[in-house]
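Please load the model in your viewer, show it as a cartoon, and keep the sequence panel open beside it. The tour below moves from one selection to the next and says what is to be found at each stop.

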Amino acid sequence: MASSSLSFSFLLFTIFLFSSTHAKTAPVAPGPTPEPLSLTKILEKGSQYTTLLRLLKETQVSTQINSQLNSSYDGLTIFAPTDNAFHQLKAGTLNSLTDQEQVELVLFHVLPRFYSLTTFQSASNPVSTQASGNDGVYTMNVTTTSNQLNVSTGVNDTPVSSVLYSDFPLAVYSVDSVLLPQAIFGPKPPAAAPAPLPAKKKTKKPISTTAEAPISSADADSTTSDASWRGQNAGWSLVFGIGFGALSYLM
């Protein structure tokens, strides 16, 4: 009896072991793929950055930023001016810029690394921006107080009004003024004075190398004799003329 129970138990164990070994594991459904980080979607969600979105698209800086966000080890920081900030600019300011200057203006609002509010407290000024390149160095100063972050460009100053997004590799801070780089909006150096015209060279008269021959004493005597002879002839002519005139009167 005991032997039968033992055999039955062994049979059940063998069947269970075989089933466990050959059982197929059900596939686990993959989780949702996280969407790539997009500055455009963050600004669209903020609903007051229409002008900035248009500039990002027209200058193609948005494509550059989105590409960097998914490949950069340092991350990026964006200062995002509101629509009201752009309305505060003098009329025609954006249209007066060249295409290259518009690109530089947009890139001036991008820092080439991730800065949290805490990181800004230890940042060294001046802070470089993405606009720095062959056309010059575009920097700004960022200062922090106990509860405020301020940005100074050398042309204007503005506080950070709110944090739109802050999670590595991207931080986006809303500002109420467009950050104006000094290289574009700063005072222009005075125009250089025109070079003086070259002075006209005075041409000197060539000095004749031929010396006039001195008058010899013989020539001088000859000239004097001729003059004396002509004088004597003139005198006799006068005498003869008077004489003939008197004879004619008497006759």
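**First stop: two cis prolines**

Begin with Pro126, which is found in the loop between α7 and β3. The model is a predicted one, and in it a cis peptide bond joins Asn125 and Pro126, with omega at about -5°. Then select Pro169, whose place is in the loop between β6 and β7; here a cis peptide bond joins Phe168 and Pro169, and omega is about 15°.

**The whole chain**

Zoom out until the protein is in view, with its 9 helices and 7 strands. Of its 251 residues, 27% count as buried. Among contacts between residues at least 6 apart in sequence, 63% join residues at least 24 apart.

**The sheet**

Colour the strands next, and follow the open sheet of 7 strands in the order β2-β1-β7-β6-β5-β4-β3, in which the pairing is mixed. Because β2 and β3 (127-128) stand at the edges, each with a single partner strand, one side of each is left without a neighbour in the sheet. Strands of a sheet pair through backbone hydrogen bonds, in either the parallel or the antiparallel sense.

Select β1, residues 76-81, and then its two partners in turn. With β7 (residues 170-175), β1 pairs in the parallel sense over 6 bridges, whereas with β2 (residues 110-111) the pairing is antiparallel, over 2 bridges. Thr77 is a convenient residue to centre on, since you can look from it to both partners: its bridge partner in β7 is Ala171, and its bridge partner in β2 is Leu111. Keep Ala171 selected and turn to β6 (residues 157-167), which pairs with β7 in the antiparallel sense over 6 bridges; Ala171 is also the bridge partner of Ser166.

Which way do the side chains of β1 point? In a regular strand the side chains alternate between the two faces of the sheet. Show them as sticks: Leu76, Ile78 and Ala80 point one way from β1, and Thr77, Phe79 and Pro81 point the other way. The strand is mostly covered, with 6 of its 6 residues buried.

**Helix α4 and the loop before it**

Now select α4, residues 61-69, and pick out its buried residues, Val61, Ser62, Ile65 and Leu69. They cover an arc of only 100° around the axis, which puts them on the same side of α4. An α-helix has 3.6 residues a turn, so residues three or four places apart point the same way. The elements against which these buried residues of α4 pack are α2 (39-46), α3, β1, α6, β2 and β7.

Two loop residues deserve a look while you are in this part of the chain. Gln60 lies in the loop between α3 and α4, and its phi is near 65°, a positive value in a residue other than glycine; with a relative accessible area of 58%, Gln60 is exposed. Ser47, in the loop between α2 and α3, likewise has a positive phi, near 65°, and counts as exposed at 61% relative accessibility.

**The cavity**

What lines the largest cavity? Select Leu52, Leu55, Phe86, Leu105, Val106, His109 and Val178, which form its lining. Its volume is about 30 Å³, and the structure holds 1 cavity of 30 Å³ or more. Both α3 (50-58) and α6 (99-107) supply at least two residues of this lining, which by class has 6 nonpolar, 1 polar and no charged residues.

**The pocket and Thr158**

Move on to the largest pocket, with a volume of about 190 Å³. Of the 13 residues that line this pocket, Leu117, Ser146, Asn147, Gln148 and Leu149 lie nearest its centre. The elements giving two or more residues to the lining are α7 (117-120) and β6, and β6 gives the most, with 4 residues. By class, the lining of the largest pocket has 4 nonpolar, 9 polar and no charged residues.

End the tour at Thr158, in strand β6. Is Thr158 buried or exposed? Its relative accessible area is 2%, so Thr158 is buried. Leaving aside its neighbours within four places in sequence, display the residues in contact with Thr158, namely Leu149, Asn150, Val151, Val175, Asp176, Ser177 and Leu179.

Conventions
Residues numbered from 1 in each chain as written. Predicted model: local features only at pLDDT ≥ 70, side-chain atom pairs only at ≥ 80, totals over all residues. Heavy atoms only, no water. 1 Å grid on protein atoms, 1.4 Å probe; cavity = no way out; pocket = protein on both sides within 12 Å on 5 of 7 lines; lining within 4 Å. Points joined across faces, edges and corners; volume = space filled by probe spheres on them. Nonpolar A, V, L, I, M, F, W, Y, C, P; charged D, E, K, R; others polar. Buried < 20%, exposed > 50% of the residue type's maximum accessible area, 1.4 Å probe, protein only. Pairing = 2+ DSSP bridges. Arc of directions from axis to C-beta. Contact = heavy atoms within 4.5 Å.
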